[in-house]
Amino acid sequence: MCGIVGYIGKRQAAPILIEGLHRLEYRGYDSAGIAVGNKGRLKVAKRKGRVRELEALEPQKFRGVQGIAHTRWATHGEPSDLNAHPHSDTSGRYAVVHNGIVENAAALKAQLGQRGVVFRSETDTEVLAHLIALLDDGSPLETVVAEALRRVVGAYGLAVIDAERPDTLVVARNGSPIVLGIGDKEMFFASDPAALVRHTASVVHLDDGEIATVRADGYETRTLDGAATIKTPSTIPWKDEAFDKGQFTHFMRKEIGEQADAVRRTLSGRLDTRFHTTHLGGIELEARDLLDIRRVKILGCGAAYLSGRVGAHLIEQLARIPADAEPASEFRYRNAVIERDTLYIAVSQSGETFDTLAAVQEIKRKGGRIMGVVNVVGSTIARECGRGVYLHAGPEVAVVSTKTFTCTAVALALLAIHLGRLRDLSVANGARLVAALQALPDRIAGILEREPEIAKLAGRFQGVEHAFYVGRAAGHAIASEGALKLKEISYLHAEAYPASELKHGPLALIEPGTPTVIVLPRDDLYSKSLSTVEEIRARGGPVIAITHPGERPAVDGLFEVPALEPELDPLLLNIPLQLLAYHVALQRGTDIDQPRNLAKSVTVE
Ligand code: F6R
């Protein structure tokens with residue numbers, strides 16, 4: 001998705017902005033650009049393709065201590081040099097970078113066209129630059145920008161530079177994040193804290209409807225109507241090194257390998273071996289409130305939703321509260337019934353996914369009780385929910401989720417035990433599950449050490465174009481996540497089905513060239529799943545099983561995961577599937593960290 005970075009201070013802006021753009025690359029983009037102000041003029045460079053292609057235009061040499069830059073993920077108009085941001089007015093005095101969509105761009109374009117404005121790009125953003133130029137009556141820049149934004153319908157995070165106001169940049173937010181970074185006599189801003197951590201840990205998150213004037217020596221925030229707002233800086237908990245690949249070829253592989261430590265952090269301080277339960281301080285709901293809950297509904301998108309399905313299963317099994325998960329992107333549009341005794345949980349790694357945020361806002365509007373399970377501290381969904389559980393998984397840079405899928409499922413397991421121990425989950429079962437969670441990080445580390453076994457299994461996908469993933473109950477959610485990982489990074493067609501559903505249709509597609517990966521824990525459904533294996537193999541379909549040690553099932557390839565406790569086994573069964581997808585993609589030579597067409601955090605509808 002699009003990214004914004006800005007700088008004003010005492011240093012040359014261009015190198016800082018280019019480095020910031022590199023930090024934003026992980027989000028996925030198709031073009032990049034930069035504008036730097038100096039002596040009443042703007043220097044602008046923009047180009048389709050990667051930041052290194054922009055660097056070939058040598059914008060690093062632009063002189064000036066004030067600038068804005070952007071990575072674009074096309075919405076209005078194809079990826080091209082012309083459509084890349086920044087966009088300028090006709091005179092080239094003002095430049096704008098923008099994340100989001102101006103919904104009334106066509107109407108504004110028509111009005112501006114009548115006043116003689118000629119548009120150079122196909123973007124909605126260009127209207128903002130012309131509008132600001134036309135409205136500038138010499139008032140402070142923030143007043144002019146606010147006046148322009150009052151005419152805009154849509155979502156934006158945006159930044160504006162005016163060559164003739166060299167001491168000021170203006171940023172504004174409505175639906176797309178902007179974070180200010182406070183330095184020493186210099187200020188930074190970005191749409192993602194990842195672009196700031198190298199320079200400062202002290203940040204201020206803008207809220208929707210806020211506009212900020214940013215100068216080298218500080219910032220002021222106000223609403224679009226001009227009322228001053230008061231912000232309290234917070235600290236980004238991430239170290240700059242976390243954004244380096246280190247010895248790894250891919251961030252995805254690095255992040256898969258970090259899972260034991262990431263899970264340790266998710267669990268840290270939350271296990272109670274005295275009462276054999278868990279503590280989740282951030283949910284800010286008393287035991288009495290939690291006892292009133294009659295249903296749990298988990299909402300998220302993509303891998304977050306699938307992790308929510310694992311969590312819903314755990315909550316239903318351990319707390320005996322009816323629970324389910326639903327894609328937030330569907331929920332937000334279906335005028336859902338919101339119940340006062342339902343606990344709604346929004347799940348999001350980035351905390352910025354637009355559909356999940358919209359679902360949260362819909363639930364709040366209807367008076368529902370919501371909490372978040374989020375990785376990025378201070379992100380929009382975390383702040384909108386106001387309470388919840390942070391994963392503390394550390395930054396996830398690869399576009400596909402791995403460690404945050406696992407940590408989200410672990411956080412929901414903590415919640416399931418907590419809710420269970422308030423109800424019927426016995427002391428003995430609480431103790432058994434808490435002990436299993438304590439053992440989880442070491443078990444994950446043990447699986448990761450056996451990566452060569454999985455790399456060998458990946459060899460079975462050579463020449464394959466389609467694959468099935470099946471499982472039962474939580475195993476189906478794990479299978480779905482395995483299939484999602486495979487299709488995202490290897491571009492193989494992978495379908496996930498409940499194992500029980502195979503014979504109701506998809507079995508017609510089973511043939512010798514189509515492998516099926518089965519999630520096969522030795523639980524009380526094991527013998528049923530073995531029948532599925534036989535049905536597939538009888539039709540010539542090769543089967544790869546992710547299973548537990550014991551008498552080996554008749555399959556074509558197999559990886560044994562150590563058994564933990566039956567309820568928590570799904571948390572481990574997921575790890576080999578991540579490695580499997582990684583190694584298949586490695587063989588196929590795809591762009592693993594930035595798969596085609598995908599973005600790390602989907603901040604538009
Ligand atoms: C899949 C993946 C995406 C995200 C989804 C939600 O590997 O990464 O499906 O899970 O876009 O993102 P967050 O969790 O940031 O809300």
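In this predicted model, Lys254 is buried, its relative accessible area being 11%. The partner of Lys254 is Glu258, and the closest N and O atoms of this salt bridge lie 3.2 Å apart. Glu258, at 23% relative accessibility, falls in the partly exposed class. This pair is a friendly place to begin, since side chains of opposite charge can pair when their charged atoms come close.

Salt bridges in the structure number 42. Glu326 takes part in a bridge with Lys297, with 2.8 Å from N to O. Because Glu326 belongs to strand S19 (residues 323–327) and Lys297 to strand S18 (residues 295–300), the pair ties together parts that are 29 residues apart in sequence. Both of these residues, Glu326 and Lys297, are buried. Glu326 also meets the side chain of Arg334 in a salt bridge, at 2.7 Å from N to O. The two ends of that bridge can be set side by side: Glu326 has 11% relative accessibility and counts as buried, whereas Arg334 has a relative accessible area of 43% and is partly exposed. Elsewhere, salt bridges link Arg93, Asp136, Asp162, Glu164 and Arg165 into a network.

Attention now turns to the nonpolar side chains. In soluble globular proteins, such side chains tend to be buried together. The largest nonpolar core here has 125 residues, and the members that touch the most others are Ile34, Val296, Ile315, Ile345, Phe461 and Tyr469. Helix H13 (residues 403–422) supplies the largest share of this core, with twelve residues. What does Ile345 touch, leaving aside residues up to four places away in sequence? The contacts of Ile345 are Val296, Lys297, Ile298, Leu299, Ile315, Ile370, Met371, Val373, Leu412 and Leu415. Lys297, listed among these contacts, is the residue already met as a salt-bridge partner of Glu326. Another core, of 26 residues, lies apart from the largest one; Val96, Leu128, Ala146 and Val152 are among its members.

Leu128 also leads to helix H4, where Leu128 is one of the buried residues. Helix H4 spans residues 126–135 and is mostly covered, with seven of its ten residues buried. Those buried residues are Glu126, Val127, Leu128, Ala129, His130, Leu131 and Ile132. Which elements do the buried residues of H4 pack against? Their neighbours are strand S5 (87–88), strand S6 (94–102), helix H3 (105–114), helix H5 (141–149) and strand S7 (154–162).

Aromatic rings add another kind of contact to the picture. The search of the whole structure finds four aromatic pairs. One of them joins Phe331 and Tyr344 in a tilted arrangement, with 6.5 Å from centre to centre and 55° between the planes. Phe331 is part of helix H10 (residues 328–331) and Tyr344 is part of strand S20 (residues 342–348), so the pair ties together parts that are 13 residues apart in sequence. Phe331 is buried, at 2% relative accessibility, and Tyr344 is also buried, at 2%. Phe468 and Tyr497 form another tilted pair, with 6.0 Å between centres and 50° between the planes. Since Phe468 sits in strand S23 (residues 466–471) and Tyr497 in strand S24 (residues 493–498), this pair ties together parts that are 29 residues apart in sequence. Phe468 is buried, with a relative accessible area of 5%, while Tyr497 is partly exposed at 27%.

Rings can be partnered with charges too. The charged end of Lys109 sits over the ring of Phe119, at 5.2 Å from the ring centre. In a similar way, the charged end of Arg596 is placed over the ring of Tyr491, 3.8 Å from the centre of that ring.

Finally, the cysteines can be considered. A disulfide is a covalent bond between the sulfur atoms of two cysteines. How many disulfides does a search of the whole structure find? The search finds zero. For Cys301, the closest cysteine sulfur is that of Cys385, and because 13 Å separates the two, they are too far apart for a bond. Cys407 is in no disulfide either, as the nearest cysteine sulfur, again in Cys385, is 18 Å away. The surroundings of these residues can also be described: Cys301 is partly exposed, at 21% relative accessibility, whereas Cys407 is buried, at 0%.

Definitions and conventions. Residues are numbered from 1 along each chain as its sequence is written. This is a predicted model: local features need pLDDT of at least 70, side-chain atom pairs count only at pLDDT 80 or more; totals for chains, interfaces and linings use all residues. Side-chain values use heavy atoms; hydrogens and water are left out. A disulfide is a pair of cysteine sulfur atoms within 2.5 Å. Buried means under 20% relative accessible area, exposed over 50%, partly exposed in between (1.4 Å probe, protein chains only). A nonpolar core is a set of buried Ala, Val, Leu, Ile, Met, Phe, Trp, Tyr and Cys residues joined through side-chain atoms within 4.5 Å. Helices (H or I, at least four residues) and strands (E, at least two) are DSSP runs, numbered from the N terminus. Contact means heavy atoms within 4.5 Å. Rings of Phe, Tyr and Trp (its six-membered ring) pair if their centres lie within 6.5 Å; planes under 30 degrees apart count as stacked, over 60 as edge-to-face and the rest as tilted. A charge sits over a ring if NZ of Lys or CZ of Arg is within 6 Å of the ring centre and within 35 degrees of the ring normal. A salt bridge is a side-chain nitrogen of Lys or Arg within 4 Å of a carboxyl oxygen of Asp or Glu.
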